[in-house]
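Hi,

Here is the structure I promised to pass on. Have a look at it first, then read my notes underneath.

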Amino acid sequence: MGGIYIYSDRTIMAAELIGFAKKSGKSANVITFNETAANEIAQYGADQVYVFKGDSPLAENYAKAVADFLRNERAELFVVGATARGRDIAARVAGYLECSLLSEVSTIVLEGGTVSTTRMVYGGAVIQSEAAAGMAVVTIPSGKFEAVQGGTSEVAIVSVKADDRVSLLESTPIVRSEVDLSAADKIVCIGLGMEKKEDMQLAIDLAEVLGAEIGCTRSVSEEKHWLPNYIGISGLTIRPSLYLAMGVSGQVQHLVGVRDSKIIVAINTNEKAPIFNGADYGIVGDLYEIAPLLTKELKSTNAG
Ligand SMILES: Cc1cc2nc3c(=O)[nH]c(=O)nc-3n(C[C@H](O)[C@H](O)[C@H](O)COP(=O)(O)OP(=O)(O)OC[C@H]3O[C@@H](n4cnc5c(N)ncnc54)[C@H](O)[C@@H]3O)c2cc1C
């Protein structure tokens with residue numbers, strides 16, 4: 001009874017939210033609709049994992065069952081991974097519970113029955129602080145908390161009645177990039193300073209020698225269509241140990257997605273580019289010269 005309840009359709013996000021619950025000194029209780037996911041999540045130190053089972057394949061159809069369950073359990077807070085499905089379920093559950101919904105928060109503190117959060121608004125220009133007393137639903141993007149490693153939890157099956165007003169007629173898989181940037185340890189990020197798609201090979205070579213994944217800005221993804229996913233406020237939040245930006249100006253909408261990186265390195269020809277304000281190491285120079293030099297140097301260091 002009481003404690004924090006968690007839902008995410010992505011295991012790693014559920015693990016991060018378990019990290020938040022533990023950090024808050026509360027019990028971490030995860031709700032899922034999938035038994036395989038439940039067994040994975042059970043490895044991340046939750047106090048309890050509940051698998052909701054009913055006769056609908058649509059997670060959204062269990063929103064009322066989740067709300068009833070949270071009410072019975074006297075949950076203090078329902079935290080949800082801010083994926084498309086998570087946001088959908090969060091809104092429905094908050095509606096059924098008639099409680100506050102705080103969305104896409106950057107920071108969150110639960111103290112004395114009140115949850116206090118901050119989040120970026122107006123494209124990152126303003127930080128909005130919100131507080132809600134009593135039960136609330138909060139959506140949290142990935143990368144805000146450290147996942148708890150280890151510990152096994154009990155998995156309990158809960159038979160529930162699904163809402164049958166919406167049914168699944170057909171499903172078509174979305175083709176996504178294989179790479180999960182939000183879980184990557186090192187990222188080489190390309191911006192519009194890169195002139196042609198073929199030039200991405202410079203970033204690929206550097207990434208290979210670093211053991212990094214390739215990311216990009218929204219402009220590269222949405223204007224050039226070179227990569228499917230981008231980093232930033234309207235894209236992915238990352239927290240790698242190394243983020244190396246080449247030809248990225250560092251507008252605030254991009255930077256809010258990278259600021260949890262441990263080390264930020266930037267290569268840019270413009271010494272006044274905003275990326276340098278948030279960088280630990282800055283190289284004022286042409287990526288077409290610097291990237292091959294770095295790759296060569298790292299290769300010889302690795303070989304030695
Ligand atoms: C509501 C809203 C949400 C947004 N969300 C996001 C988001 O989530 N993520 C995101 O990335 N953007 C987002 N944007 C867009 C953002 O404002 C910027 O326009 C975008 O990030 C810029 O991308 P860029 O750095 O690739 O390009 P540019 O801003 O064009 O920067 C290119 C940089 O490359 C440098 N350069 C040029 N040639 C070289 C060279 N040879 N070597 C080295 N450097 C060179 C230039 O000096 C320049 O600084 C959003 C915008 C809005 C309005």
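Below is what I found, starting with the ligand and then moving on to two helices and one strand residue. Keep in mind that this is a predicted model.

**The ligand site**

The ligand has 26 residues around it, and the closest are Leu192, Thr217, Ser234, Ser249 and Asn268. By type, the shell splits into 16 polar, 8 nonpolar and 2 charged residues. Four elements each put at least two residues into that shell: helix 6 (218–224), helix 7 (252–255), strand 14 (263–268) and helix 8 (287–303).

Some polar contacts are worth pulling up on screen. Ser249, already listed among the closest residues, has a side-chain N or O atom 2.6 Å from an oxygen atom of the ligand. Ser219 also uses its side chain, with a polar atom 3.1 Å from a ligand oxygen. With Gly247 it is the backbone that takes part: one of its polar atoms sits 3.1 Å from an oxygen atom of the ligand. As for cover, the ligand taken alone exposes 990 Å², and the protein buries 74% of that.

**Helix 4**

Helix 4 runs over residues 84–97, which makes 14 residues. From first C-alpha to last it reaches 20 Å, close to the 20 Å expected at 1.5 Å a residue. Which of its residues are buried? They are Gly86, Ile89, Ala90, Val93, Ala94 and Leu97. These residues lie on the same side of helix 4, because they cover an arc of only 130 degrees around the axis. The spacing behind such a pattern is familiar: an α-helix has 3.6 residues a turn, so residues three or four places apart point the same way.

**Helix 1**

Helix 1 takes in residues 11–23, 13 in number, and its end-to-end C-alpha distance of 18 Å is close to the 18 Å expected at 1.5 Å a residue. This helix is mostly covered, with 10 of its 13 residues buried. The buried set is made up of Thr11, Met13, Ala14, Ala15, Glu16, Leu17, Ile18, Gly19, Phe20 and Ala21, so you will find Glu16 listed there as buried by the under 20% cut-off on relative accessible area.

**Ser159**

One last residue to click on: Ser159 belongs to strand 10 (residues 154–159). Is Ser159 buried or exposed? Its relative accessibility is 67%, so Ser159 counts as exposed. Between Ser159 and Leu58 there are 15 Å in space, C-alpha to C-alpha, and the two are 101 residues apart in sequence.

Cheers

Definitions and conventions: Residues are numbered from 1 along each chain as its sequence is written. This is a predicted model: local features need pLDDT of at least 70, side-chain atom pairs count only at pLDDT 80 or more; totals for chains, interfaces and linings use all residues. Side-chain values use heavy atoms; hydrogens and water are left out. A residue is near a molecule or strand if one of its heavy atoms lies within 4 Å of it. A polar contact is a pair of N or O atoms within 3.5 Å; within protein, one must be able to donate a hydrogen and the other to accept it, and residues adjacent in sequence count only if both atoms are side-chain atoms. Accessible areas come from the Shrake-Rupley method with a 1.4 Å probe; for residues, only the protein chains shown count as cover. Ala, Val, Leu, Ile, Met, Phe, Trp, Tyr, Cys and Pro count as nonpolar, Asp, Glu, Lys and Arg as charged, and the others, Gly among them, as polar. The expected span of a helix is 1.5 Å times one less than its number of residues. Buried means under 20% relative accessible area, exposed over 50%, partly exposed in between (1.4 Å probe, protein chains only). The arc is that of the directions from the helix axis to the C-beta atoms.
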